[in-house]
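The exercises below work through a sheet and the spaces of one protein model. Please look at the sequence and the structure before reading the solutions.

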Amino acid sequence: MPRMTGSRFFAEATKAYGLSHVFFMPTILTQAMAEMEDMGIMRVTTHGEKAAAYMADGYARASHRPGICLAQNVGAANLAAGLRDAYLACSPVIAITGGSDPVMRYRHVYQEVEDFTMFDPVTKFNAQIDKVEQLPNLFRQAFRVATTGSPGPVHLRVRGRHGQVLEEEGDLQLIVDRRFLKVPPFRPEPEPEAVKAALKMLSSAKKPVIVAGGGVTASQAAQEVVELAEKLSIPVATSLNAKGTIPENHPLSVGV
């Protein structure tokens, strides 16, 4: 099993998962940021933690890949606040923050408060990395949870104000679950009988309306929705997450 620092592993894993950008508020995982220097990964420094979360959200929606945002523990609560949109929009964002070192707890360290539970309401998975050996499994799990089912944000809190635990060495094996590189990772086929039932219901409906949601955007099925609407002359309304599914000047467009 290869031996390396957690910082090197984090950089190589980010590259292996096909991510071209990370968005962060200094100072967090400084060694990992340096390891990315020659990997073609753009490190975008933001003016605030919420901006990093918003940018990662936008990156995820545009690329259909998880977006990564990072912040040290002093700004972790701000990063959690920035995940609300991503959570409500089912956007696969991976948030990484520093966390207090156990030996420094209860000593009134500057601006240090317990913020781990703040991520519970805005993430699908909220976990802590206290030892570098935990990184490979939890990093893989973060991508798996963020992209499967109804996609959404996940959070990993890394021990140390700046995530210093990743500066340690360990036996770290990089295994990439390629299925979870993009959203959606699975494309199940509908049951033929269910499709026939839906068609029968549509054909007998007097005033049918299609309401397109975020699943259409995630599956990149906008063209198919418009084609169906045009064939059956059905108006199309969208949720906020599916805005743009049908051109707003289209005769069948109802709007959001």
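Begin with a single pair of residues: Phe-23 stands opposite Val-44 in S3. The model is a predicted one, in which local features need pLDDT of at least 70 and side-chain atom pairs count only at pLDDT 80 or more, whereas totals for chains, interfaces and linings use all residues. Residues are numbered from 1 along each chain as its sequence is written, and side-chain values use heavy atoms, with hydrogens and water left out.

**Exercise 1. Place this pair of residues in its sheet, and state in which order the strands run.**

Step 1. Strands (E, at least two residues) and helices (H or I, at least four) are DSSP runs numbered from the N terminus, and two strands pair if DSSP finds at least two bridges between them. Strand S2 (residues 21-25) is joined to S3 by four bridges in the parallel sense.

Step 2. Following the pairing across, one reads the order S3-S2-S4-S5-S7-S6, an open sheet of six strands with parallel pairing. Its edges are strand S3 (42-45) and strand S6 (125-129), each of which pairs on one side only.

Step 3. Neighbouring strands of this sheet are turned by 20° against each other on average, direction ignored; axes here are lines fitted to C-alpha atoms, for helices over the stretch in contact, and angles run from 0 to 180 degrees between N-to-C directions.

**Exercise 2. Determine which strands helix H3 touches and which strands helix H6 touches.**

Step 1. Taking contact as heavy atoms within 4.5 Å, helix H3 (residues 49-63) packs on the sheet against S2, S3, strand S4 (67-71) and strand S5 (93-99), and its direction makes about 170° with that of S4.

Step 2. Helix H6 (residues 135-147) also packs on the sheet, touching S4, S5, S6 and strand S7 (154-159), with a direction at about 170° to that of S6.

**Exercise 3. Describe the second largest cavity by its volume and its lining.**

Step 1. On a 1 Å grid over the protein atoms alone, a cavity is a set of points where a 1.4 Å probe fits but cannot get out, a pocket is an open set with protein on both sides within 12 Å along at least five of seven lines, and lining residues have an atom within 4 Å of a point. Points are joined across faces, edges and corners, and a volume is the space filled by probe spheres set on them.

Step 2. Two cavities of 30 Å³ or more are counted, and the second largest has a volume of about 40 Å³.

Step 3. Its lining includes Gly-99, Arg-105, Asp-130 and Arg-157; S7 gives the most, with three residues.

Step 4. With Ala, Val, Leu, Ile, Met, Phe, Trp, Tyr, Cys and Pro counted as nonpolar, Asp, Glu, Lys and Arg as charged, and the others, Gly among them, as polar, this lining divides into two nonpolar, three polar and four charged residues.

**Exercise 4. Give the volume of the largest pocket and the classes of its lining residues.**

Step 1. The largest pocket holds about 390 Å³ of space.

Step 2. Of its 22 lining residues, Cys-90, Pro-151, Val-183, Gly-214 and Ala-218 lie nearest its centre, and helix H8 (214-218) is, with H3, one of the elements that supply at least two residues. The largest share, four residues, comes from H8.

Step 3. By class, the lining has 10 nonpolar, 11 polar and one charged residues.
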